[in-house]
Amino acid sequence: MTGTHKDTTITRRRAIAVTGGTVAAGGLAIAGYQSAFADETTATATTTDTAAASASAGSSSGTCVLMSSVTEGPYYLDGALVRKDITEGKSGVPLTLRITVQDTTESCAPVAGAAVEIWHCDAWGYYSGYTTANPGGSAPAESEDGSTADDKTYLRGYQVANANGVVKFETIVPGWYTPRTCHIHVKVHTGGEKEDGTYEGGKVNFTGQLFFADDVAEQIFELEPYSQHTGTWTKLDDDMVYDGGGASSGLLTLKPVHKKDPSKGYKGSITLGIDPDAENTGAGSGGGGGTPPSGAPGDAPSDAPSASASSTDASS
């Protein structure tokens, strides 16, 4: 498939499943987690003052703004893993996502140690944990994608911000599902800590969504495997969540890796201005969650929102 992005991270569930729960499996799982955490440590040690200088410049030019919070939507799951690469072998156009977290109450100072969590659908519009939910239009069943992804964890993950408030994720550009435009969900947590491969405790300071320009999304949706999902996708102006505010409303800055070949991937970036003292879980926030026509599936995992809870979020 075009733009296939392979994952090299070993998740806890997969490591145990592959090795039958032996001592070797435990060693592999621990090594995987240490590798993920080492990436953050290295990033912290090797960063420069560039981000800090940018924050100062942004403050003086008045570009540092509090981001708009919206509902978390019906597809949130607890327990995402701390890792940089969240693809798990899911096919799609590669996306390197760089998020900078700034404190809007302290002259745009970086929020070091903030845990940034993202989750999004795959190229055909399916979310892990909800793989039988109808994405609208006509799409193959999620099980036909040929990947080895864990159906409860793919395209979900945390990264902890370095000294400059920066995190990076390796993922794919999401597909679409009715009635939503192309988007990525995001939460920023503070006050917790990494535990057992995930992030525990603290509070959620920001819940939002990140968006893709229509011209970029249109190019990508013409490629494999996205093109196997046919139907009418929603553009930004018609989306129930995006309010037209540009970067302050979550619109990503996107740069192609190769200008003449979008299948090679994109680099996306955005600065999230938050109030570290505030709390916003996404429940009851403005904007709709965007349930597909069939609503939340009946076979959702036990730790997922119930169908009634999902409906409440979507109508908030």
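The legends below describe close-up views of a predicted model.

**View A. The largest nonpolar core and its contributing elements.** The largest nonpolar core comprises 43 residues. Within this core, the residues with the most contacts are I99, V116, I118, L210 and L272. Two or more residues each come from strand 1 (94-103), strand 3 (115-119), strand 5 (166-172), strand 6 (183-195), strand 7 (198-211), helix 4 (214-221) and strand 9 (266-274). A second core, separate from this one, has 14 residues, among them V82, A115, A133 and Y177.

**View B. The surroundings of I99.** I99 is one of the residues with the most contacts inside the largest nonpolar core. With neighbours within four places in sequence left aside, the contacts of I99 include V116 and I118. Contacts are also made by I99 with G165, V166 and V167, and further with L210, I270 and L272.

**View C. The aromatic pair Y127 and Y177.** Nine aromatic pairs are found in a search of the whole structure. One of them, formed by Y127 and Y177, is edge-to-face, with 5.5 Å centre to centre and 75° between the planes. Y127 is placed in the loop between strand 3 and strand 4, and Y177 in the loop between strand 5 and strand 6, so the pair ties together parts that lie 50 residues apart in sequence. Y127 and Y177 are both buried. Ring pairs also join Y127 and Y177 with Y75 and Y130 in a cluster.

**View D. The aromatic pair F211 and Y242.** The rings of F211 and Y242 form a tilted pair, at 5.0 Å centre to centre and with 55° between the planes. F211 belongs to strand 7, whereas Y242 is in the loop between helix 4 and strand 8; the pair thus links distant parts of the chain, 31 residues apart. F211 is buried, its relative accessible area being 2%. Y242 is likewise buried, at a relative accessible area of 11%.

**View E. Lysine residues over tyrosine rings.** K90 lies over the face of Y154, at 4.2 Å from the ring centre. In a further case, K187 lies over the face of Y76, and the distance from the ring centre is 5.0 Å.

**View F. Two cis peptide bonds.** Most peptide bonds are trans. The bond that joins T178 and P179 is cis, with omega about 5°. P179 is located in the loop between strand 5 and strand 6. A cis peptide bond also joins E224 and P225, where omega is about 0°. The loop that holds P225 runs between helix 4 and strand 8 (253-256).

**View G. Positive phi at L155 and D196.** Most residues other than glycine have a negative phi. L155 has a positive phi, near 55°, and is found in the loop between strand 3 and strand 4 (156-160). The relative accessible area of L155 is 0%, and this residue is therefore buried. For D196, phi is also positive, near 55°. The position of D196 is in the loop between strand 6 and strand 7. Unlike the buried L155, D196 is exposed, with a relative accessible area of 51%; the cut-off for an exposed residue is over 50%.

Key
Residues are numbered from 1 along each chain as its sequence is written. This is a predicted model: local features need pLDDT of at least 70, side-chain atom pairs count only at pLDDT 80 or more; totals for chains, interfaces and linings use all residues. Side-chain values use heavy atoms; hydrogens and water are left out. A nonpolar core is a set of buried Ala, Val, Leu, Ile, Met, Phe, Trp, Tyr and Cys residues joined through side-chain atoms within 4.5 Å. Buried means under 20% relative accessible area, exposed over 50%, partly exposed in between (1.4 Å probe, protein chains only). Helices (H or I, at least four residues) and strands (E, at least two) are DSSP runs, numbered from the N terminus. Contact means heavy atoms within 4.5 Å. Rings of Phe, Tyr and Trp (its six-membered ring) pair if their centres lie within 6.5 Å; planes under 30 degrees apart count as stacked, over 60 as edge-to-face and the rest as tilted. A charge sits over a ring if NZ of Lys or CZ of Arg is within 6 Å of the ring centre and within 35 degrees of the ring normal.
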